[in-house]
Amino acid sequence: MNEILSVKGLGKSFKNTRVVKNIDFDVHKGEIMAVLGPNGAGKSTTIRSIMGILLPDEGTVTFHNHAQGEVPRHKIGYLPEERGLYKKVKVMDILLYFAELKDYPLDKAKERALAYLKKFDLEGKENVSVDELSKGMGQKVQFIGSIIHEPELLILDEPFSGLDPVSQEVFKQEIKDLAKKGTAILLSSHQMNLVEEMCDRLFLIHRGQKVIYGSMDEVKAQYANFKCTIHGNNDRSLLEKINQVERIEQQDDISILYLSSDVQVNDWIKQLPSTLDIQELSVDRISLHEIFVDIATDSSLAQEAGVVDAK
Amino acid sequence: MRNSWKVAKWEIRRNLKSKSFLISLFLTPIIFAIFATVPTLLSDSGEDQDSEPAQTTVYLNDEIGVWDQLEPMLSEGGDLHWDVELTDESSDEMATTLEDETRSVYIHLDESALQSGTVDYYTSEEVPESFQYEVQLFEQPLRYIQLERTGLDESEIQTAMNPITFNQNEVTMEAGTDAGEAQSQGIEYFLQKFVPGVFAGLVLFSIAITGMMVFQSASEEKKEKVAEIILSSVTAGELMQGKIIGYFVLGILQVTVWIGMAAPVALALVDYPIIEYLLVPELLLFLLIAILGYLMFASIFVGLGATLEDSSSGSNFQGFVFMIPWLPFIFIGPVLTNPEGMLSQVLSYIPFTSPGIMILRLSILDEWPWVQIFISLAILIVSIWLLMKLAGKIFRIGILIYGKNATLPEIWKWLRS
């Protein structure tokens, strides 16, 4: 695939604390690449380093198609985590200003702005002052501002934070559409459920370091083992005797058995002991969300499984 | 640089479209005019009301015949609000009249007054204090008569009557006797000398105010969290430069509008060729100083703005920085009294005070101390360069810190980083 952006060995310290270190990943044309991690993991620092807003202490950021060391600002769309708009200006004025800063032709920008305003249900708002917009409307305008100049790389830092579910869907759809049209998209989020359905590849970062990096399918195959949830009054010692169980979590009458990766679900169910008290039983895969929570709370799951590297 | 211009253009456009800027642009000179003229108008009208009925009635018992000489002069002059009534009555007889009246005076000019050189006059209530000067009018004709009596002839009397005046002639290196000449030219000379300086002072004042707008703009950028979006297109340095340039243009625009409004009025009211006085080579130096002053204040303010999200909650430190442009005002008195003194020279070398003080000094000094001017300009330019660098550092980090105002130790850390 066509690489647009490569990050190699990125590291940054504030005062004496290492905020990120040894960050390596690529973003390809037409894909959605997600940087995931809990708050304070170093997502925004990584993104700001890519944008040249922070200077990394070590490592390189390469924009392919452009000279080494140069940030092709006009080709990047950027929606920062902390974002806002000038208050007492008209919507169209500020969108055109963003386009002008990117050297994008203004007549074309105007056309695109009107089209997107319509798409985002903001038709007729172009001459409204920004301070009259609701928060959700404002976020839509910011989003339009970040893509008004048809960027080849779109960097979105927590694009879904503070959005209502309807707007989340609108954004998700638009991001997918942009990727389909060939835009490389790098987004960061801590909302796994949203990202799980849309991203092609992910980079999970915790305490400034890589934890998981790979395509969604690979990560799922690698980490998303089966788990079996049993409702019923069972003794832990009984559960421990069951084959291919890696870990057991028990709370009141609910026991969750984490199964090993090579398990055959049909066979495994058949060999369950008949003494087991089963009021309810379900078998499903571990979600990205659970992997994430495990990592964020430093549970052993990911460490046990080891780190996959699937470039 | 191109990006800086884009930012500058945006700041200019944004302000020109904002109602508050336009209102202050046009309202400020009007308010100034009101403050400048209303007190005068009020006091004028006050006098008008008083002066019409406020004639002082002067009962003159003139036994010598001085009044015949004075009367034609008085009717020409017109400054004197006297209502002269000739009378033969003595002071005792007049006493009752004066008791009943207000603003009345009784003057008795007789032989004994002439000989003793003392003229008694009696006043009623409410006679203005200025009357004691007005009454001196009688001195000359009385003196003339006195001298005439001693038997001097016309020319001798003239010599005796001529006051002896002392003319100061300051001898300076080049000016020679120009000083005396210049002084005799009075207000014309005064205008010629001060107009360029006053103009530069106005420019400095106006752009120092727009310098404060740079502060607001940087602080707003932080509060409204737009900075990071902008920084994805331009560098922090370009954003800062753009703001400084943008508000500079706005400042100049402001001065132009103000002068555009004031000039026709001034030209109509004043008879002197002010434009001619203004457009002299000295003006260039004055303007250079004013512009340097702006650059210095703007760089201080843009850095300061990036440390403050909410200008009302600034610490004492930031409050103090705000006072910097007004520092020269404290020293106006001492510098005016001694423009060549030690204090004036030292203040010219301190970058924070030098623009204001230099403009003030150069306006009053007859001869410009070029060495001092050059040293002062050099210090100013170096400080601007330094301050811009420091402001750039503060701006770069400060503008991206959200939700809090920076403290002094933090700012110090950024400066050292």
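Start in chain B: select residues 56–62 for strand E1 and 82–86 for strand E2, and you have a parallel pair joined over five bridges. Keep in mind as you go that this is a predicted model.

Now pick out B:Tyr59 in that pair: across from it in E2(B) is B:Glu85. Leave E1(B) on screen and add residues 104–109, which make up strand E3 of chain B; six bridges tie E1(B) to E3(B), and they run parallel as well. Which residue of E3(B) stands opposite B:Tyr59? Click on B:Tyr106, and you have it. A bit of background for this view: strands of a sheet pair through backbone hydrogen bonds, either parallel or antiparallel.

Zoom out to the whole of chain B and colour it in two pieces, 54–161 for domain 1 and 180–416 for domain 2. How many Å separate the centres of the two domains? Taken over C-alpha atoms, the figure is 59 Å.

Next stop, the contact between the chains. Select the touching residues and you should get 19 from chain A and 16 from chain B. On the chain A side, two elements each give two or more residues: strand E5 (76–79) and helix H2 (91–101). Highlight H2(A) in particular, since with three residues it gives the most to this side. Colour the chain A side by residue class and it splits into ten nonpolar, seven charged and two polar residues.

Stay with chain A and select residues 5–232. The UniProt record, an unreviewed entry, puts the feature "domain: ABC transporter" there. Switch to cartoon for this stretch: 34% of it is helix and 29% is strand. Draw a distance between its end C-alpha atoms and you get 51 Å.

For the last stop, go to the open sheet of four strands in chain A, ordered E11-E12-E10-E13 with antiparallel pairing. Which strands sit at the edges? Select 245–251 for E11 and 280–285 for E13, each of which pairs on one side only. Look along the sheet and you can follow a twist that averages 15° from one strand to the next.

To finish, zoom in on E13(A) and its partner E10(A), residues 226–231: six bridges join these two antiparallel strands. Show side chains for A:Ile230 and A:Leu281, the latter in E13(A), and you will find the two opposite each other. With side chains on, one general point is handy: in a regular strand they alternate between the two faces of the sheet.

Terms used
Residues are numbered from 1 along each chain as its sequence is written. Chains are lettered from A and ligands numbered from 1 in the order in which they are written. This is a predicted model: local features need pLDDT of at least 70, side-chain atom pairs count only at pLDDT 80 or more; totals for chains, interfaces and linings use all residues. Two residues are in contact if their C-beta atoms, placed from the backbone, lie within 7 Å. Ala, Val, Leu, Ile, Met, Phe, Trp, Tyr, Cys and Pro count as nonpolar, Asp, Glu, Lys and Arg as charged, and the others, Gly among them, as polar. Two strands pair if DSSP finds at least two bridges between them. Axes are lines fitted to C-alpha atoms, for helices over the stretch in contact, and angles run from 0 to 180 degrees between N-to-C directions. Domain bounds come from an automatic or database domain assignment. UniProt positions are given in the numbering used here, feature names are shortened, and annotations may be inferred rather than shown by experiment.
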